[in-house]
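Me: I have a structure open and would like to learn how to read its features one by one. Could you walk me through it?

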Amino acid sequence: MNYISTRGNAQSVSASQAVINGIAPDGGLYVPESFPALDLDFDRLKDLSYQEIANEIFSAFFTDYTEEEIAAIVAGSYGEQWDDDTIVPIHQEGNKFYLELFHGPTIAFKDIALQALPRLLSTAAKKHGLKSKLLILAATSGDTGTAAMAGFGDVPGTEIVVFYPEVGVSEIQKQQMITEAAKNAHVIAITGNFDDAQTAVKTLFADDELGKELAAGKFQFSSANSINIGRLIPQIVYYIYGYAQLVKSGAIKAGDEIDIVVPTGNFGNIMASYYASRIGLPVREFIVASNENNVLTDFFNTGVYDRKRPFTVSTSPAMDILVSSNLERLLYFASDATEVANYMEDLTEKGSYTVSPEVRENLAKFKAGFASNEEVAATIKEVFEDTHYLLDPHTAVARFVAPSFDDGTVQLIASTASPFKFPQTVLEVLGESAKHERVALDQLALISGVPVPEQVAKLFTKEVRHTLVIDPEEIKETLKETIL
Ligand SMILES: *Cc1c(COP(=O)(O)O)cnc(C)c1O
């Protein structure tokens, strides 16, 4: 099975080539040309481990990797670095089931994909006989950079450079970055905010002269971005596994439809649930939950995608996004490559696009809603007071939206971060406060009775290894000095 571009103007490529390319040469995203026929008998799958199900899904989608390669990638990605043997434990609250995706190295859901991507990439590089080292550049406002380093750290044949803004990164995220110990990881602060950092990094990718100098030094750019198919496919696994566990526990019978509720930013997570449905997961509705940056809510409710609106800084920062890149993949399945190319052109040129009535009809299973910061706070408080279960602000967005579409069907909520990743926000909601996140961690543990996860408990005693701060104009010289 090959991968084709959503915009229809690129050659179809093998899975491993799609992983190496990241984005298709015509600017589109790679999608599978057909969905694999899989035996999703949930009465069988309910007795399989996360890793066993991962093996089946990976093999079905990454068809040019050998069985041995897949087995090694899965074993390496979902091993001892997870703090729960089941990888994604489930917590029940009535007909709502939280699929906890935050038990990896950085206690947020990006670990699921970013543990697998580096292994998929370096295996692909070997298969294709690439002589150059892969250079991963990332501008990060927090979650992606730390998860990418946790994944790429000490992976042979890769070098990773993370740029983060001095302004707008939480204490915990900053501490995670500056204490990163992997030898191939480089962390550099940039004066300014996230936009400044991202703009500076984009100039590097676009710099042909730099590209040549790097090639001479035996480096080739690569990306850990969530548009890589190597990040999307691993996320199908937890929906299949989660459903199988619901069958096992007796919450549903094999074949029953469920609702999937996802706190959404770049649309990768919920897109994976759609892929899961295309290979046999029974889904009634896909519920897209946004924060105050509710461009997706408007899109699913009106058919108009309009990015021309103020950007809001919310308490769920990983969802502060106005252009949801992976939505392009859904549009492809609801229309065709020509139409997608037109929509994306409109988005670039006019800042908005309107889909046809047929496309809206094809998206009927997608429902959308959003939560304000106040609603998020009230939800965390209410769920904690009623059930003593602590939500992080991202998961709380989903929990707030879920009841609007509840007809009694089982709702599987993607729980994307540990509350201990955002301790100050959560603590304030519960009527307490702390000057430093380091202090907030302990206070939160005391109130909730949940111990501070080990991944962050030891964070503030780790050695600081990265102290460089640069101005955006210095980024190119700094990169060359760091790498070459
Ligand atoms: C990245 C992220 C999201 C958004 O996921 P998408 O796949 O981009 O929609 C939600 N919650 C957390 C905690 C995240 O880190």
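Reply: Happily! Let us begin with a single side chain: setting aside residues up to four places away in sequence, Ser273 is in contact with Tyr239, Ile260 and Phe286. Keep in mind that this is a predicted model.

Me: Where does Ser273 sit, and is Ser273 buried or exposed?

Reply: Ser273 belongs to helix α11, residues 268-278. The general idea is to compare relative accessible area with a cut-off, and buried means under 20%. Ser273 counts as buried because its relative accessibility is 0%.

Me: What would a partly exposed residue look like, and which helix holds Asn21?

Reply: Asn21 is in helix α1, which covers residues 15-21. Partly exposed lies between the cut-offs of 20% and 50%, so Asn21, at 30% relative accessibility, falls in that class. Beyond its neighbours within four places in sequence, Asn21 touches Val13 and Tyr30. The side chains of Asn21 and Tyr30 are joined by a polar contact of 3.0 Å.

Me: How many residues along the chain separate Asn21 and Ser222?

Reply: They are 201 residues apart along the chain, yet their C-alpha atoms are separated by 7.7 Å.

Me: Now the interior. Which residues have the most contacts inside the largest nonpolar core?

Reply: A nonpolar core is a set of buried nonpolar residues joined through side-chain atoms within 4.5 Å. Here the largest one has 114 residues, and Ile240 and Phe300 have the most contacts inside it. Helix α10 (residues 229-249) gives this core its largest share, 13 residues. Apart from this core lies another, of 34 residues, including Ile380, Val383, Leu430 and Ala434.

Me: What does Ile240 touch?

Reply: Not counting residues up to four places away in sequence, Ile240 touches Leu40, Phe42, Leu45, Ile53, Ile57, Ala276, Ile279 and Leu281.

Me: Which residues of helix α12 are buried, and what do they pack against?

Reply: In α12 (residues 295-302), Val295, Leu296, Thr297, Phe299 and Phe300 are buried. The buried residues of α12 pack against the helices α13 (327-334) and α15 (357-362), and against the strands β10 (283-290), β11 (304-306), β12 (352-354) and β13 (366-370). After α12 comes Gly303, with a positive phi near 85°.

Me: How should I read a positive phi in general?

Reply: Most residues other than glycine have a negative phi. Two residues here deserve a look on that score. Asp154 is not a glycine but has a positive phi of about 60°; its place is the loop between α6 (143-152) and β6 (158-165). Lys218, also not a glycine, has a positive phi of about 70° and is found in the loop between α9 (208-216) and β8 (219-222).

Me: Is Lys218 buried or exposed?

Reply: Exposed means over 50%, so Lys218, with a relative accessible area of 51%, is exposed.

Me: Last, the ligand. How many residues surround the ligand, and which are the closest?

Reply: A good habit is to list the shell, then look at individual atom pairs. The ligand is surrounded by 15 residues, the closest being Lys110, Asp143, Gly265, Asn266 and Thr416. The shell divides into six nonpolar, seven polar and two charged residues.

Me: How do the oxygen distances read?

Reply: A ligand oxygen atom is 2.5 Å from an N or O atom in the side chain of Lys110. For Asp143, the distance from a ligand oxygen atom to a side-chain N or O atom is 2.9 Å. With Asn266, a polar backbone atom is 2.7 Å from an oxygen atom of the ligand. Taken alone, the ligand exposes 390 Å², and the protein buries 97% of that.

Terms used:
Residues are numbered from 1 along each chain as its sequence is written. This is a predicted model: local features need pLDDT of at least 70, side-chain atom pairs count only at pLDDT 80 or more; totals for chains, interfaces and linings use all residues. Side-chain values use heavy atoms; hydrogens and water are left out. Buried means under 20% relative accessible area, exposed over 50%, partly exposed in between (1.4 Å probe, protein chains only). Helices (H or I, at least four residues) and strands (E, at least two) are DSSP runs, numbered from the N terminus. Contact means heavy atoms within 4.5 Å. A residue is near a molecule or strand if one of its heavy atoms lies within 4 Å of it. A polar contact is a pair of N or O atoms within 3.5 Å; within protein, one must be able to donate a hydrogen and the other to accept it, and residues adjacent in sequence count only if both atoms are side-chain atoms. Accessible areas come from the Shrake-Rupley method with a 1.4 Å probe; for residues, only the protein chains shown count as cover. Ala, Val, Leu, Ile, Met, Phe, Trp, Tyr, Cys and Pro count as nonpolar, Asp, Glu, Lys and Arg as charged, and the others, Gly among them, as polar.
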